[in-house]
Amino acid sequence: MTDTTGYSPPHEHLVVVGNGMAGHRLVTALMARPDRPPRITVIGEEATTAYNRILLSPWLAGEIDRDSLDLPAPATHGLHWHLGEQVTGIDRTARTLWTDQGTRLEYDRLVLATGARPTLPDMPGIGLGNIGGFRTLEDSHWLMQRTAGQRAVVVGGGLLGLEAAEGLRKRGVEVTLLQRSDRLMNRQLDVVAASWLKDTLTQRGLTVETGAQLARCEGNADGQVCAVVLADGRRLATDCVIIAAGITPNTELGRLAGLDVNKGICVDGHLTTRDPAIHALGECAEVAGTTVGLVEPIWEQVETLADVLCGHATPAHVPMPSATRLKVAGIDLYSFGAADPAPGVESMTYADPGNGDYRRLLIADDRLVGAVLYGDTTDGPALFRLAQAGTALGAARETLIFGAADATHPLQEVA
Ligand SMILES: Cc1cc2nc3c(=O)[nH]c(=O)nc-3n(C[C@H](O)[C@H](O)[C@H](O)COP(=O)(O)OP(=O)(O)OC[C@H]3O[C@@H](n4cnc5c(N)ncnc54)[C@H](O)[C@@H]3O)c2cc1C
């Protein structure tokens with residue numbers, strides 16, 4: 001794919017498909033710019049105004065109320081909405097799209113911000129009732145109908161699975177968390193931090209099964225799930241199953257429209273598909289072979305695309321690594337970089353089990369390349385910036401593991 005220059009004049013009618021976190025952020029950014037496209041239409045499949053998906057976890061856990069989820073409405077001048085409508089087709093030649101509600105719209109520029117959905121494993125019983133993901137308001141309402149004493153199986157020991165499991169546990173549900181890997185958050189945590197996390201969750205009352213692979217779900221006479229069966233033959237009775245084992249980008253529209261689709265809808269560094277009138281943004285997009293699952297890189301994509309849509313020359317977006325933070329009350333965890341050191345990478349650790357503090361830093365060529373912080377995570381963002389900047393550690397290398405208390409070490413310089 002040829003990279004576009006990023007320069008083009010503002011367009012008459014911009015249509016944004018998807019009113020999720022990426023679509024909302026883009027529209028908000030555009031509405032703050034005087035040179036935005038004069039007419040913008042947003043089409044969103046979800047019937048509500050845009051909300052903060054990240055906060056579904058604390059909402060499920062009863063830590064915040066529903067109103068806290070609402071994202072601020074952008075200025076409305078020149079902005080049109082079609083909520084509760086799904087775009088079902090695009091004719092690129094006629095620059096027209098249509099929805100499941102019979103709407104037909106012409107566009108000059110089109111942004112696909114259709115996000116992703118939970119990946120459901122292909123296995124017997126997956127279509128039974130009371131099996132679902134944790135992605136939307138609707139999913140959260142479904143989870144909130146679970147009552148104290150009911151049983152739930154959560155499949156997936158990553159961020160989302162842990163947040164779903166804790167949210168349900170706090171509602172009095174008896175939760176078993178199944179993780180296929182031998183450790184929780186296996187992409188982010190080393191063995192020590194993962195085992196501390198497992199111990200903490202177990203003490204709180206979660207049942208955590210690592211090395212546990214789901215083989216099938218069994219249903220009752222009403223077609224509702226009543227048990228899961230693991231690959232080792234164990235059968236666990238349950239009232240519902242929450243699948244949190246990865247996401248699949250929503251690329252169908254791009255595929256139907258004949259755009260290049262790999263894991264996501266392929267775009268260049270200016271978020272442009274091989275059709276110069278169509279862009280993709282957020283979890284549905286694939287930039288330089290990379291798809292995203294966190295908002296930080298999406299915010300960077302938004303800035304680039306807003307420039308492009310306002311006709312400004314702008315540098316190409318380059319995907320950068322992100323840091324991860326768990327949103328479970330009372331468990332502070334921050335991590336970036338590889339979970340395990342590659343050959344030649346040095347690992348430095350500090351553990352204070354009494355205070356529940358653990359740090360593991362990965363260093364290569366005198367530069368910080370990864371960190372896991374459990375307990376006191378205050379230094380996490382500064383360490384991340386230090387790694388991003390590629391600063392040589394020098395003498396500070398010896399003290400970095402003990403935190404930012406030492407005024408001479410480079411955390412002070414980059415914080
Ligand atoms: C419970 C939970 C907790 C999370 N916690 C964090 C966190 O702590 N930190 C973090 O960085 N990220 C977190 N994430 C991930 C973050 O929410 C996503 O990265 C972000 O929402 C992606 O934005 P998006 O706009 O690409 O997709 P979405 O927010 O999913 O928005 C896509 C929208 O497009 C709509 N749509 C799809 N197809 C069509 C169509 N054909 N027509 C019209 N509309 C369509 C969808 O209905 C949806 O509303 C969390 C996600 C969840 C579910």
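Modeller: One idea first: two strands count as paired if DSSP finds at least two bridges between them. Keep in mind that this is a predicted model.

Biologist: Okay, let's try that out. How many bridges join strand S24 to strand S25?

Modeller: Seven bridges join S24, residues 357-364, to S25, residues 367-374, and the two strands run antiparallel. For a spot to look at, find Arg-359, which stands opposite Leu-373 in S25.

Biologist: Which order do the strands have in that sheet?

Modeller: Read across, the order is S21-S22-S25-S24-S23; that makes an open sheet of five strands with antiparallel pairing. The edges are S21 (324-325) and S23 (346-352), each of which pairs on one side only.

Biologist: And what lies across S22, S23, S24 and S25?

Modeller: Helix H5 does, and the helix runs at about 15° to S25. H5 itself covers residues 191-204.

Biologist: H5 has a helix partner too, I think. At what angle do H4 and H5 cross?

Modeller: The general idea is that an angle under 35 degrees counts as roughly parallel. Here, the axes of H4 (residues 159-170) and H5 cross at roughly 20° and come within 11 Å, so H4 and H5 are roughly parallel to each other. As for handedness, H4 passes H5 in a left-handed crossing.

Biologist: Which residues in H4 meet H5?

Modeller: From H4 you have Leu-162, Glu-166 and Arg-169, and they meet Leu-197, Leu-201 and Arg-204 in H5. Sorted by class, this contact of H4 with H5 has three nonpolar and three charged residues, with no polar ones.

Biologist: Now for the parallel sheet. What order do its strands form?

Modeller: This one is also an open sheet of five strands, in the order S3-S2-S1-S7-S19, and its pairing is parallel. S3 (79-83) and S19 (278-280) are the edge strands, each pairing on one side only. On average, neighbouring strands in this sheet are turned by 15° against each other, direction ignored.

Biologist: How many bridges join S7 to S19?

Modeller: Three bridges join S7, residues 109-112, to S19, and these strands run parallel. Within that pair, Val-111 stands opposite His-279 in S19.

Biologist: Which strands does helix H1 lie across?

Modeller: H1, residues 21-31, lies across S1 (13-17), S2 (39-44), S3 and S7, and it runs at about 155° to S1. Helix H7, residues 295-309, lies across S1, S7 and S19, at about 170° to S7.

Biologist: At what angle do H1 and H7 pack?

Modeller: About 40°, with their axes 9 Å apart. H1 and H7 are therefore oblique to each other, and their crossing is right-handed. On the H1 side, Met-21, Ala-22, Arg-25, Leu-26, Ala-29 and Leu-30 take part; they meet Val-295, Ile-298, Trp-299, Val-302, Leu-305, Ala-306 and Leu-309 in H7. That contact of H1 with H7 divides into 12 nonpolar residues, no polar ones and one charged.

Biologist: What feature does UniProt place at residues 13-289?

Modeller: The UniProt record, an unreviewed entry, has "domain: FAD/NAD(P)-binding" there. A label like that may be inferred rather than shown by experiment. In this model, the end C-alpha atoms of residues 13-289 lie 29 Å apart, and the span is 20% helix and 30% strand.

How values were computed. Residues are numbered from 1 along each chain as its sequence is written. This is a predicted model: local features need pLDDT of at least 70, side-chain atom pairs count only at pLDDT 80 or more; totals for chains, interfaces and linings use all residues. Side-chain values use heavy atoms; hydrogens and water are left out. Helices (H or I, at least four residues) and strands (E, at least two) are DSSP runs, numbered from the N terminus. Axes are lines fitted to C-alpha atoms, for helices over the stretch in contact, and angles run from 0 to 180 degrees between N-to-C directions. Contact means heavy atoms within 4.5 Å. Angles under 35 degrees count as roughly parallel, over 145 as roughly antiparallel, 65 to 115 as roughly perpendicular and the rest as oblique. A crossing is left-handed if the near helix is turned anticlockwise from the far one by less than a right angle, and right-handed if clockwise. Ala, Val, Leu, Ile, Met, Phe, Trp, Tyr, Cys and Pro count as nonpolar, Asp, Glu, Lys and Arg as charged, and the others, Gly among them, as polar.
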